[in-house]
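This briefing describes the architecture, the nonpolar cores and the charged pairs of one protein model. Please keep the sequence and the structure in view while reading.

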Amino acid sequence: MRYLPVSLDTYEKKFLILGGGFLALSALKSIIDTEAEIYMIADSFTKDIVKKSEESNGKIKLKEHELTEDFIFMGYDYILIATENFELNEALEKRAHSRNMIYERFDILSKSLISINKSLERGPLTFSLNSSRINPTITDIIFEDLEDFSKSYNLEKLNILSEIRSELVRKNSQNIDEIIRNLYESETINLSTFLETMPKYKIEDLKSSEKLLNQIEKGDEINLEKESTLNDEKLIEKRIDEAKNLSKDIDNDLNLEKFHDLDKN
């Protein structure tokens, strides 16, 4: 495997795309959802690129300038070489390579230092597909399958388990991976539904304590699923009392307020 899949930080970073045609549009699409500023330089730009720039609220900046083999570029974090001229791309790549710039060339694989994957972000998950050695049509077909597959995950459950794992790590708990795997495979923990059963109760008082974590570590079943008999006010009050008992150590709890916010999204 030549290219190891990694995640590049694009926050407050600058991409420079050299080119304004079909290859440049492909390069633009591969980074358009990042948090970076995008600069494009070319003799001219396709209508699709101009439209995306106009709709980007200033994120995509276009500059018409003749690109030659002697063109100098600097001050950018990542360079994407994507003109329609093979010889020009060759010269631009040599310049980027000689200056140890992080770049990708889009007409051929060459000596590119990075290879941007086609990516899909869904909640805390990011799926990516390296398509450099597959024709674009097949890539699109596989990516559509990947999109369908990503929908099979319960994002609320993943967020809850991430919070639980963070707390277990903080406590230096043993067998964390085994605990999380068992919880993932279980259908008995549903904290958001538990919160829904007590709408009159303050979130601050529903925070879980070390007692809950100890139960989890021991493998005790914690069934918080909504019951049909919860309309009974006495049962609701009983559940509230149980929540109070689980809230003695506020400083060490999981942040259930975050879980509650997930229900609103």
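A residue is called buried under 20% relative accessible area, exposed over 50%, and partly exposed in between, using a 1.4 Å probe and protein chains only. The model is a predicted one, in which local features need pLDDT of at least 70 and side-chain atom pairs count only at pLDDT 80 or more, while totals for chains, interfaces and linings use all residues. Residues are numbered from 1 along each chain as its sequence is written, and side-chain values use heavy atoms, with hydrogens and water left out.

**Overall architecture**

- The protein contains 10 helices and seven strands; these elements are DSSP runs numbered from the N terminus, helices being H or I runs of at least four residues and strands E runs of at least two.
- Of the 265 residues in the protein, 38% are buried.
- Among contacts (heavy atoms within 4.5 Å) with a separation of 6 or more, 59% are between residues 24 or more positions apart.
- The accessible surface comes to about 16,600 Å², and 47% of this area belongs to carbon and sulfur atoms; the areas come from the Shrake-Rupley method with a 1.4 Å probe, and for residues only the protein chains shown count as cover.

**Nonpolar cores**

- A nonpolar core is a set of buried Ala, Val, Leu, Ile, Met, Phe, Trp, Tyr and Cys residues joined through side-chain atoms within 4.5 Å.
- The largest such core has 19 residues, of which I17, I38, M40 and L80 touch the most other members.
- Two or more residues of this core come from each of β1 (14-18), α1 (22-31), β2 (37-42) and β4 (78-81), and α1 gives the largest share, with six residues.
- A second, separate core holds 14 residues, including I41, F71, A96 and M101.
- In soluble globular proteins, nonpolar side chains tend to be buried together.

**Strands β1 and β2**

- Strands β1 and β2 run parallel and are joined by five bridges; two strands pair if DSSP finds at least two bridges between them.
- K14 stands opposite E37 in β2.
- Four of the five residues of β1 are buried, and this strand is thus mostly covered.
- Beyond its neighbours within four places in sequence, I38 contacts F15, I17, L28, I31, I32, K59, I60 and K61.
- M40 lies in strand β2 and is buried because its relative accessibility is 1%.
- With neighbours within four places in sequence set aside, the contacts of M40 are I17, G19, A24, L28, F45, I49, I60, K61, L62 and K63.
- M40 and E64 are 24 residues apart along the chain, and their C-alpha atoms are separated by 8.4 Å.

**The segment before β1**

- T10 belongs to the segment before β1 and counts as buried, at 14% relative accessibility.
- Outside its neighbours within four places in sequence, T10 is in contact with F15, T34, E35 and A36.
- V6 also has its place in the segment before β1, and its relative accessibility of 60% makes V6 exposed.
- M1, L4, V6 and L8 make a nonpolar surface patch of about 480 Å².
- Patches are made of residues with over 30% relative accessible area and no salt bridge, like charges being joined within 9 Å and nonpolar side chains (Val, Leu, Ile, Met, Phe, Trp, Tyr) within 5 Å.

**Positive phi values**

- E12, in the segment before β1, has a phi near 55°, a positive value in a residue other than glycine; E12 is exposed, at 62% relative accessible area.
- N57, in the loop between α2 (47-54) and β3 (60-64), likewise has a phi near 55°; N57 is exposed, at 78% relative accessible area.

**Salt bridges**

- The whole structure contains six salt bridges, each defined as a side-chain nitrogen of Lys or Arg within 4 Å of a carboxyl oxygen of Asp or Glu.
- K13 and D9 form a salt bridge whose closest N and O atoms are 3.9 Å apart; K13 is partly exposed at 22% relative accessibility, as is D9 at 47%.
- K61 and E37 form another, with the closest N and O atoms 3.1 Å apart; this pair links distant parts of the chain, K61 being in strand β3 and E37 in strand β2, 24 residues apart.
- In the salt bridge between D107 and R105, the closest N and O atoms are 2.6 Å apart; D107 is partly exposed at 26%, whereas R105 is buried at 2% relative accessible area.
- E90, E93, R105 and D107 are joined into one network by salt bridges that share partners.
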